Amino acid sequence: MKIFIVMGAGILIGRFLMTGRIKKWNERLAMLCTLLLIFSMGVMLGQKENFLSELSSLGLKSFLFFLIPTLVSIILVYVLTKHFMEKKHSDSEGENK
């Protein structure tokens with residue numbers, strides 16, 4: 001729940017308080033934090049004793065964690081876009097006549 005509260009606060013601050021100059025610095029800070037996170041994850045994986053032997057299993061799991069949400073997202077966006085864009089398109093055609 002704490003994560004949702006912090007994320008909600010970030011959304012509100014980003015929406016109402018971020019100006020162009022601050023936004024640019026915030027993007028740089030977000031990129032730096034992302035790189036630091038990826039680096040620290042690499043360090044944690046490198047510390048595992050049997051990392052190389054688990055790499056094939058980890059790779060398959062990682063691939064599935066990527067593939068399944070990606071496919072579901074693409075299908076969901078396609079269905080919703082098809083539904084709402086057709087409805088919007090037919091509504092705008094009716095207004096033009």
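In the predicted model, the charged end of R28 sits over the ring of W25, 5.0 Å from the ring centre. A second contact of this kind involves R15 and F16. Here the charged end of R15 sits over the ring of F16, with 5.9 Å to the ring centre. Both distances fall within the 6 Å cut-off for a charge over a ring.

Aromatic pairing was examined next. The count comes to 1 aromatic pair. The partners are F63 and F66, whose ring centres are 5.8 Å apart. Their planes meet at 50°, so the pair is tilted. A stacked pair would need planes under 30 degrees apart, and an edge-to-face pair over 60. Both residues belong to helix α3, which covers residues 51-96. They are 3 residues apart, about one turn of the helix. An α-helix has 3.6 residues a turn, so residues three or four places apart point the same way. Neither ring residue is buried: F63 is partly exposed, at 44% relative accessible area, and F66 is partly exposed, at 46%.

The overall fold is helical in its assigned elements. The chain has 3 helices and 0 strands. Along the sequence the order is α-α-α. Burial is scarce in the computed areas: of 97 residues, 1% count as buried. The exposed area of the chain is about 9400 Å². Carbon and sulfur atoms supply 73% of that area.

Helix α1 was considered separately. This helix has 15 residues and spans residues 2-16. From first C-alpha to last, α1 reaches 21 Å. That value is close to the 21 Å expected at 1.5 Å a residue. The number of buried residues in α1 is 0, so the helix lies largely in the open.

I3 lies in α1. With a relative accessibility of 64%, I3 counts as exposed, because the cut-off for exposed is over 50%. I3 also contributes to a nonpolar surface patch of about 750 Å². The other contributors to this patch are M1, F4, I5, M7 and I11.

Technical notes:
Residues numbered from 1 in each chain as written. Predicted model: local features only at pLDDT ≥ 70, side-chain atom pairs only at ≥ 80, totals over all residues. Heavy atoms only, no water. Helix = DSSP H or I, 4+ residues; strand = E, 2+ residues; numbered from the N terminus. Buried < 20%, exposed > 50% of the residue type's maximum accessible area, 1.4 Å probe, protein only. Areas by Shrake-Rupley, 256 points an atom, 1.4 Å probe, with all protein chains shown as cover. Patch = residues over 30% accessible without salt bridge, like charges linked within 9 Å, V, L, I, M, F, W, Y side chains within 5 Å. Salt bridge = Lys/Arg side-chain N within 4 Å of Asp/Glu carboxyl O. Phe/Tyr/Trp six-rings, centres within 6.5 Å; stacked < 30°, edge-to-face > 60°. Lys NZ or Arg CZ within 6 Å of the ring centre and 35° of its normal. Expected span 1.5 Å × (residues − 1).
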